[in-house]
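Biologist: Could you take me through this one? I have it open and would like to start with the basics.

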Amino acid sequence: MASEPTITIIAARYSPEHDAKPRTQSYTIPYREDMVVLDGLNYIKSYVDGSLTFRWSCRMGICGSCGMTVNGVPTLTCASFLRDFYPGEVVVEPLANFPLIRDLAIDMTDFMEKLKLVKPWIIREDEKPVAQGPYSQTPSQLEAYDQYSACINCMLCYAACPVYAMEPEFLGPAAIALGRRYNLDSRDQGALERLRVLATSDGIWDCTFVGECSVVCPKNVDPAKAIQQTKVDTTMNWYKNLVLPWGRR
Amino acid sequence: MTTSHDQGPDRTEPFWWGLFAAGGGLTALFAPAHILFQHLLGPGGLPAATANYQRTRALTANPLVRLYLFALTSLSFFHWAHRFRYYVMDFGVLGARRAIAALCYGSAILGALGAARTLIRLPGRDE
Amino acid sequence: MSYARTEKGWVREIGAAPAGYRPADQPGLPSAWWRLNRRYTLYMWREMSSVFVALWSLFFLNQLNQVRRGEAAYEASVAARRRPAWIAFHAVTLGFAIVHSVTFLLAAGKGPTLRVGDRRVPERAVAAGAFAGWAGASLLVLLVLLLGGRRDTDEAEGAAG
């Protein structure tokens with residue numbers, strides 16, 4: 001009988017109950033060309049080792065749950081094909097820069113708190129009564145923030161950012177990009193409020209434009225660009241206020 | 001630890017970043033040409049003005065030239081200062097941040113003053 | 001695998017190079033994290049470029065200082081800069097300056113949000129404009145260096161860069 005092709009996945013393991021520190025476990029599983037890394041992990045969990053712990057949901061690159069470090073690169077495991085590594089080994093580890101809970105699942109509390117800080121929702125000073133109809137937008141008003149609205153909160157950008165690695169206080173790429181997304185939304189009136197958090201030393205000014213966040217982003221949000229634009233806007237406003245102090249802001 | 005996030009926009013960073021960006025832009029556009037033509041091809045035979053005393057003196061007598069040189073050099077110092085202050089963090093030096101920032105911007109200010117002094121004290125034309 | 005023990009627990013450190021399992025590194029950010037991929041490395045060289053450009057500015061100002069001291073002093077400083085050590089410094093600095101220009105002008109496409117009428121100017125157009133500006137500025141510097149300061153030309157060409 002011809003032997004089936006196989007591939008080896010080396011998965012990080014860590015059980016706080018009995019492991020002093022993270023270790024790895026090697027699994028050799030059947031390989032098919034159409035498998036993604038997540039399929040491999042699910043095969044392991046279903047047929048080889050049910051204790052392997054990891055997050056996943058939509059398996060189609062929209063929920064942002066399955067981010068892990070694959071061969072050193074922050075990746076959505078549902079979007080990364082085994083054939084790109086075959087016949088080599090695939091090392092799957094938890095996402096970098098976040099505390100490890102178990103195996104491949106990390107603690108995302110820090111990101112969630114930072115997300116709340118930037119108030120990623122429409123802020124209005126005055127609400128239009130429902131009878132007056134919806135807040136309309138022209139196509140170009142939509143285009144102004146559209147790219148930044150694609151963020152799926154997968155945190156790959158945080159795993160790629162050396163500033164976040166060294167500086168846990170840093171707001172981080174996704175939070176800043178989402179803050180900007182709402183600042184640019186014509187329906188929003190909360191830019192000043194958000195800039196209190198964004199235009200701080202732990203916000204945009206910590207960023208040194210390494211740019212790796214935009215490289216790993218699976219949705220082409222380009223958070224590096226969002227941060228740079230915020231720096232430019234904030235700086236121009238600063239100088240404008242200096243020269244024309246009677247202006248607004 | 002959310003307290004540091006709520007202190008309001010930083011009052012001084014935009015100033016330094018503006019100088020950094022201006023310095024980066026000016027040096028990006030002009031520095032390579034100066035270095036190549038004046039200091040590499042010049043010694044190789046290119047008749048650059050700066051290789052000759054009389055021509056340098058005549059050229060730098062022009063106040064616009066002096067202004068340009070002041071902008072180019074002093075903004076390059078501020079560009080360095082802002083970059084370098086964060087660069088040391090990339091090497092793992094995460095402490096003494098205010099001291100390092102003060103050292104960097106302080107040096108840049110001294111450099112800019114030195115540049116001003118040099119350019120103001122340049123002699124005019126002979127006649 | 002590269003992990004560090006923090007007060008919140010084990011944290012996996014920033015991306016390690018591929019090719020399989022590696023023994024655990026020492027705790028803390030991998031000291032040479034910039035070696036982990038080409039973009040991190042280029043970033044560190046890019047940051048370093050500001051040091052050399054600033055040094056070049058200093059040396060240039062120093063050379064201009066000699067103008068005050070008279071022809072002999074100035075010509076001596078020019079002659080000194082023909083020595084191999086200076087040439088080497090300027091060659092290295094030129095390399096760094098070009099790294100700076102390329103990375104900075106490419107980044108310039110990401111900074112401002114320029115609009116023409118109702119349409120946003122695409123990033124590539126802004127970057128292309130910036131590179132065209134670089135070419136134009138370099139040409140201007142060359143012309144001023146070639147034509148400047150000559151007695152038999154009129155003042156019109158003594159314009160700033």
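Modeller: We can go through chain A, then the contacts between chains, then a single residue. Keep in mind that this is a predicted model.

Biologist: How many helices and strands does chain A have?

Modeller: Chain A has nine helices and seven strands. Its C-alpha trace spans about 80 × 40 × 30 Å along the principal axes. Of its 249 residues, 47% count as buried.

Biologist: What is the strand order in the open sheet of chain A?

Modeller: The order is β2-β1-β5-β3-β4, so written for chain A by DSSP numbering from the N terminus. That makes five strands, and the pairing is mixed.

Biologist: Which are the edge strands?

Modeller: They are β2 (23-30) and β4 of chain A, and each pairs on one side only. Neighbouring strands in this sheet are turned against each other by 35° on average, ignoring direction.

Biologist: Go along the sheet for me. How many bridges are there between β1(A) and β2(A)?

Modeller: Eight bridges, and the two strands pair in the antiparallel sense. As an example, Ile7(A) stands opposite Ile29(A) in β2(A).

Biologist: And how many bridges join β1(A) to β5(A)?

Modeller: Three, and here the strands run parallel. Ala11(A) has Val92(A) in β5(A) as its bridge partner.

Biologist: Parallel or antiparallel for β3(A) and β5(A)?

Modeller: Antiparallel, with two bridges joining β3(A) to β5(A), which covers residues 90-93. Thr69(A) stands opposite Glu93(A) in β5(A).

Biologist: That leaves the other end. How many bridges are there between β3(A) and β4(A)?

Modeller: Four, again in the antiparallel sense, with β3(A) made of residues 67-70. Val70(A) has Val73(A) in β4(A) as its bridge partner. The two strands form a hairpin with two residues between them. In the turn, Asn71(A) has a positive phi of about 50°.

Biologist: What about the faces of β4(A), are they covered or open?

Modeller: Both are covered. Val73(A) and Thr75(A) are buried on one side, and Pro74(A) and Leu76(A) are buried on the other. In a regular strand, side chains alternate between the two faces of the sheet.

Biologist: Which strands does helix α1 of chain A lie across?

Modeller: Helix α1(A), residues 37-48, lies across β1 (6-13), β2, β3 and β5 of chain A. It runs at about 95° to β2(A).

Biologist: Different helix. Which residues of α7(A) are buried?

Modeller: In α7(A), residues 191-198, the buried ones are Arg194(A), Leu195(A), Val197(A) and Leu198(A). They cover an arc of only 160° around the axis, so they sit on the same side of α7(A).

Biologist: What covers the buried residues of α7(A)?

Modeller: The cover includes α2 (109-117), α6 (173-183) and α9 (223-243) of chain A.

Biologist: On to the other chains. How many residues of chain C are in contact with chain A?

Modeller: There are 29 residues of chain C in contact with 38 residues of chain A. On the chain C side, the elements giving two or more residues are β1 (3-6), β2 (9-12) and α1 (38-65) of chain C. The largest share, four residues, comes from β2(C). By class, that side of chain C divides into 16 nonpolar, six polar and seven charged residues.

Biologist: Where is chain C divided into domains?

Modeller: Domain 1 of chain C is 1-36 and domain 2 is 37-148. Five residues of domain 1 are in contact with five residues of domain 2. On the domain 1 side, three of these are nonpolar, one is polar and one is charged.

Biologist: How many residues of chain B are in contact with chain C?

Modeller: 51 residues of chain B are in contact with 49 residues of chain C. The elements giving two or more residues on the chain B side are α1 (13-40), α2 (53-61), α3 (63-90) and α4 of chain B. α1(B) gives the most, 15 residues. That side of chain B has 29 nonpolar, 17 polar and five charged residues.

Biologist: Last one. Is Arg98(B) buried or exposed?

Modeller: Arg98(B) is exposed, because 7 other C-beta atoms lie within 10 Å and the cut-off for exposed is 12 or fewer. Arg98(B) is found in helix α4(B), residues 97-120. Its C-alpha atom is separated by 9.5 Å from that of Arg85(B), 13 residues apart along the chain.

Conventions:
Residues numbered from 1 in each chain as written. Chains lettered and ligands numbered in written order. Predicted model: local features only at pLDDT ≥ 70, side-chain atom pairs only at ≥ 80, totals over all residues. Buried ≥ 20, exposed ≤ 12 C-beta atoms within 10 Å, placed from the backbone. Pairing = 2+ DSSP bridges. Contact = placed C-beta atoms within 7 Å. Nonpolar A, V, L, I, M, F, W, Y, C, P; charged D, E, K, R; others polar. Axes fitted to C-alpha atoms, helices over the stretch in contact; angles between N-to-C directions. Arc of directions from axis to C-beta. Domains from an automatic or database assignment.
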